[in-house]
Each structure stands twice: as structure tokens, then as C-alpha cells.
There are 2 protein chains.
Amino acid sequence: MSAQRKDAVDAIIDQWAAVRPDLDTRAMEVFGRVYRLSRAMGDRVEKVYAPYGISRGEFDVLATLRRAGEPYTLSPRLLSSTLMLTTGGMTGRLDKLERAALLRRSPDPHDRRGLQVTLTEKGLAVIDEAVGAGLAAQTAALSALDDEQAGQLADLLRTLLAGTQDSAH
Amino acid sequence: MSAQRKDAVDAIIDQWAAVRPDLDTRAMEVFGRVYRLSRAMGDRVEKVYAPYGISRGEFDVLATLRRAGEPYTLSPRLLSSTLMLTTGGMTGRLDKLERAALLRRSPDPHDRRGLQVTLTEKGLAVIDEAVGAGLAAQTAALSALDDEQAGQLADLLRTLLAGTQDSAH
DNA sequence: GGAAAGTAGCTTAGGAGTAAGCTACTTTCC
DNA sequence: GGAAAGTAGCTTACTCCTAAGCTACTTTCC
């Protein structure tokens, strides 16, 4: 806890200590804050993307296509598994993005079951601007820590995340 | 990055470096992992609560009432603001929990607009078991770190979260 | 080369949240 | 003490997701 002011998570832990002193709440110190941080930054980033007419989920689709490099083409199947989304959910996102002319669907020439999804000019322009704005918001939030602390935090999170994935089944 | 194996977030950062070398992606090292960790642990904890017949959101309602101490009574208004939920969303959660007989709604004796929500015997028993099971799952995940690292991580997250709240408007 | 198994994307039904608007009640303030 | 403003909880319409099931096509394997 060091010399820091108590935050909302500390307050919750204190409440539990009062009514259930038998509980080991140390894991809450970490995960309680992870949940809150995820939600708070998620909401903030959502607002940053809004002027571009896209939601966070739609940003993720465009960003995945952008990262793939030219010709900015992937299958719906790959997109939905990368983004951990059901195929039904991906159909909906692609419908919306296609309606906004940010991407287009075309038949896969090698597999007649499949489609190809490709970023349009407009989609490329939107994601290239939005990704910068989103990163700027996250960088600003991270400035609460100095470079060494940020590096430490990233390393600790990597270790924790790796452990989490391993025991997943 | 120290001497760790690359993870999925590192892979994404490498992809961005290849197609957009101008971007400063350091904030992703932290927030990318925060998002993933939040989702992964959220999913896992959801499975832990399932045998008790409650979702994560419903757990949060019961836990908030439990932490309040006897007589385990709060208003819907306080619950929805504490859990950052609209009143409509809270109405739905309370409906479900009341149907399952885990809590009961009664008129507020001091304010005829308002209600009181109170944990039932059954609700108290359920939350007292579920909270232990949820903490056990989180403690197990945290065992990827030693005690010192876990403490460091909690401190860094507290600082980052405090900074995030401040600049929220 | 033809049956069986697998895979791709879409559709439908249902769950849980938000935003906005409603009624009922309470507080404020002249 | 009565009008205006504020607050509590619910309802409705809508969004976006999942789970399950569908058709169409491809791969596997005898």
C-alpha cells in the first residue's frame, strides 16, 4: 500500500475486512483495479473514436485490417477469432462498417464458402487518424507514471497475463 | 520488455511498428494488457459464479449489500450509482435477483419515492460462498507473481487509476 | 469418386445494457 | 403554503452481443 492515498478499491477492501475478516482480499488489490482501469479507459477511448463515427469494436476491426498491411484484406473468420467474437457478432460489425463504406466484402477467389474483407480508401484514412488519437489518449493517461514505472507495470502485466492464459482451458 | 517471451500484445505492437513506424505505441504495452486481463479474468470469474446461479453483475449487487453490513439494506439509487449502472439496468438486475429470492424490495419508510433493497437469508448465504470462490480464482491467477511483485503491481495500478479519475469530467 | 466430416458466413431468438421519458413524491424558496 | 425544481424508480425503444441452427461449400478418407 506504501505511502499512497486510499482509493475506491482500498475502501472496498476495508469494508470486506470489517464484515468478513476471514477473507484474503489481496488479489482484489490487483484485479479490482484492473477492472476499473479497463472500464475507465475503455469509456474514454470510446469517446475519442466517436468523432470518426466508429465504436471501439469497430475500431478493432479496422485496426486489425490496417495492421495486416497491404492490401488490407482478411477473412471474417480470421477477424472474429482474432477479436474473440462470435461469427454472428462479426456479421453485425461488418454490416455496419460496410454501410459506412469503411470496408467492402468480396468473394474469396480460393474458397467459395468464404469472403474477403478489405479496407476502403475511406476506411484506411479513418483508421490512420483514429489510431493516433486513441494512442494519444492512452499516452496521456499513462503519464501518471514515469518511464521506469510504466516499463515495470508493462512487465508485471505481461507475466500475469501469461499465467492467466496458460491455465485457461 | 526485459527477458520475457513475447506475448500477443507485443505481436500487435510489432505489427504496428512495421506498418506505422511513426506511432508511439508504448501506452499499448500497459493498456492492451489491462484490457485483455480484465476480459480474461472477468470470463473466468463469471464461470466461478455460475454454479450459484448468478452473473458477475448480480454478484456485484449482492456483494455491495453484503459489504454494507447488517441489516444488508441499501437503496436502488445508491446501488446503481455505486455500480455505475443506469437506473434501468439496475431495475433489471433487481428483478432477476428478487425472482431468485436472493433479495427483497420494500418501501423506504422515510421517503415514499424510494425503495429499500435487502438481502434475504438465501442471498446472504449465496454471496458468502460466492465471494470466497471468486477470490480463490483471482488469488490463483495472481500466483504468477510473488508477493513483492503483486504489491508493486497493486501500487502502480493505484497510481495510474488515480490519474485516470482526476482528469475524468 | 462419393459419403462423411468439417468449415464459412448468415439468421434467429434471447439477454443485458443505455438513453430518454414517464409518474410519483420531496425539497426549495419566495 | 404553493409553485418550481429536483429526485426515485420504472418503462420503452434500441444497440450489440451470444448461442444455436441453417445452407453452402470444401476436405478427408476409404
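Modeller: Start with a term. A helix here is a DSSP run of H or I at least four residues long, numbered from the N terminus. Bear in mind that this is a predicted model.

Biologist: Then which helix gives the largest share of the surface near DNA strand D?

Modeller: That is H5(A), with four residues. H5 of chain A, helix H4 (76–82) of chain B and H5 of chain B each supply at least two residues of that surface.

Biologist: Which residues come nearest to DNA strand D?

Modeller: There are 20 residues around the strand, and Thr86(A), Pro76(B), Arg77(B), Thr87(B) and Arg113(B) come nearest. By class, the surface near strand D has four nonpolar, eight polar and eight charged residues.

Biologist: How do I read backbone against base on strand D?

Modeller: Look at the strand's own atoms. Among those within 4 Å of the protein, 74% belong to sugar or phosphate, and the rest belong to bases. Then look at single pairs. A side-chain N or O atom of Thr86(A) is 2.8 Å from a phosphate oxygen of strand D. For Thr91(B), the distance from a side-chain N or O atom to a phosphate oxygen of strand D is 3.0 Å. Arg113(B) addresses a base: a side-chain N or O atom is 2.9 Å from a base nitrogen of strand D.

Biologist: And which residues come nearest to DNA strand C?

Modeller: Of the 20 residues around strand C, the nearest are Pro76(A), Arg77(A), Thr87(A), Thr86(B) and Arg113(B). Sugar and phosphate make up 73% of the strand C atoms that come within 4 Å of the protein.

Biologist: Which side chains lie by a phosphate oxygen of strand C?

Modeller: Three examples follow. An N or O atom in the side chain of Thr86(B) is 2.7 Å from a phosphate oxygen. A polar side-chain atom of Arg93(B) lies 2.9 Å from one. For Arg105(A), the distance is 3.0 Å. Helices H4 (76–82) and H5 (87–99) of chain A, with helix H5 (87–99) of chain B, each give two or more residues to the surface near strand C. H5(B) has the largest share there, four residues. The classes on this surface are four nonpolar, eight polar and eight charged.

Biologist: Now the interior. How should I read a nonpolar core?

Modeller: In soluble globular proteins, nonpolar side chains tend to be buried together. Here the largest nonpolar core has 93 residues. Phe31(A) and Phe31(B) have the most contacts inside it.

Biologist: What is Phe31(A) in contact with, beyond its neighbours within four places in sequence?

Modeller: Within chain A, Leu160(A). Across in chain B, the partners are Leu37(B), Met41(B), Gln138(B), Ala141(B) and Leu142(B).

How values were computed:
Residues are numbered from 1 along each chain as its sequence is written. Chains are lettered from A and ligands numbered from 1 in the order in which they are written. This is a predicted model: local features need pLDDT of at least 70, side-chain atom pairs count only at pLDDT 80 or more; totals for chains, interfaces and linings use all residues. Side-chain values use heavy atoms; hydrogens and water are left out. A nonpolar core is a set of buried Ala, Val, Leu, Ile, Met, Phe, Trp, Tyr and Cys residues joined through side-chain atoms within 4.5 Å. Buried means under 20% relative accessible area, exposed over 50%, partly exposed in between (1.4 Å probe, protein chains only). Contact means heavy atoms within 4.5 Å. A residue is near a molecule or strand if one of its heavy atoms lies within 4 Å of it. A polar contact is a pair of N or O atoms within 3.5 Å; within protein, one must be able to donate a hydrogen and the other to accept it, and residues adjacent in sequence count only if both atoms are side-chain atoms. Ala, Val, Leu, Ile, Met, Phe, Trp, Tyr, Cys and Pro count as nonpolar, Asp, Glu, Lys and Arg as charged, and the others, Gly among them, as polar.
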